[in-house]
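I opened a fresh page for this one. My plan is to start with the overall layout and then work inward.

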Amino acid sequence: MSANDETPGAIPDKAIDRAILCLCRARGRAKTICPSEVARALVSDEPGWRALMGRVRKRAAALAGTGEIECLQKGKPADALAARGPIRLRAKG
């Protein structure tokens, strides 16, 4: 899943989507992942994965909009783009 040799801007949205879905499914419906886990799976260096975080949130919002995942904040449904502070993602269904 890793794209460690790529810059954050070069990572396609589809790769971010796949990483989100893969990590959520691997964790299971009862547990959540942090969006930073997705960014770290795609870019290994800290400045790189931090730069990717905004795009990960946008892709999480898109996937939540299609019903593929849930975005949560403090255990309650949240909009990944509107939420301030940490959010969590989990597989739906």
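**Entry 1: the overall layout**

How many helices and strands are there in the protein chain? I count three helices and three strands, and I keep in mind that this is a predicted model. Reading along the sequence, I get the pattern α-α-α-β-β-β. I then checked the radius of gyration: at 12 Å it is close to the 12 Å that the globule rule gives for 93 residues, so the chain is as compact as a globular protein of that length. Along the principal axes, the C-alpha trace spans about 35 × 25 × 20 Å.

**Entry 2: surface and contacts**

I looked up how much of the chain is covered, and buried residues make up 41% of the 93. The accessible surface comes to about 5300 Å², and carbon and sulfur atoms hold 52% of that. For contacts with a separation of 6 or more, I find that 54% are between residues 24 or more positions apart.

**Entry 3: helix α1**

Next I checked the geometry of α1, residues 13–27. Its 15 residues should span 21 Å at 1.5 Å a residue, and the end C-alpha atoms are indeed 21 Å apart, which agrees. Just after this helix, G28 has a positive phi of about 95 degrees.

Which residues of α1 are buried? My list reads A15, I16, D17, A19, I20, L21, L23 and C24. Their cover includes two helices, α2 (35–42) and α3 (46–65), along with the strands β1 (69–73) and β3 (88–91).

**Entry 4: the nonpolar core**

A general note to myself first: in soluble globular proteins, nonpolar side chains tend to be buried together. Here the largest nonpolar core has 26 residues, and those touching the most other members are I16, I20, V38, L42, L52, I69 and L89. At least two residues of this core come from each of α1, α2, α3, β1 and β3. The biggest contribution is from α1, with seven residues.

I picked I69 for a closer look. Leaving aside residues up to four places away in sequence, I69 touches I20, L21, C24, A60, L63, A64, L89, R90 and K92. Among these partners, I20 and L89 are also on the list of core residues that touch the most other members.

**Entry 5: the sheet**

What is the order of the strands in the sheet? I read β2-β1-β3, an open sheet of three strands with antiparallel pairing. The edge strands, β2 and β3, each pair on one side only.

I went through the pairings in turn. Four bridges join β1 and β3 in the antiparallel sense, and across this pair L72 stands opposite R88. On its other pairing, β1 meets β2 (residues 76–77) through two bridges, again antiparallel, and here Q73 stands opposite K76. Two residues lie between the strands in the hairpin of β1 and β2, where K74 takes a positive phi near 55 degrees.

**Entry 6: back to β1**

Is β1 mostly covered or mostly open? It is mostly covered, with four of its five residues buried. That goes nicely with two earlier notes: β1 helps to cover the buried residues of α1, and β1 supplies at least two residues of the largest nonpolar core.

Key: Residues are numbered from 1 along each chain as its sequence is written. This is a predicted model: local features need pLDDT of at least 70, side-chain atom pairs count only at pLDDT 80 or more; totals for chains, interfaces and linings use all residues. Side-chain values use heavy atoms; hydrogens and water are left out. The expected span of a helix is 1.5 Å times one less than its number of residues. Buried means under 20% relative accessible area, exposed over 50%, partly exposed in between (1.4 Å probe, protein chains only). Contact means heavy atoms within 4.5 Å. A nonpolar core is a set of buried Ala, Val, Leu, Ile, Met, Phe, Trp, Tyr and Cys residues joined through side-chain atoms within 4.5 Å. The radius of gyration is taken over C-alpha atoms; the globule rule is 2.2 Å times the number of residues to the power 0.38. Accessible areas come from the Shrake-Rupley method with a 1.4 Å probe; for residues, only the protein chains shown count as cover. Two strands pair if DSSP finds at least two bridges between them.
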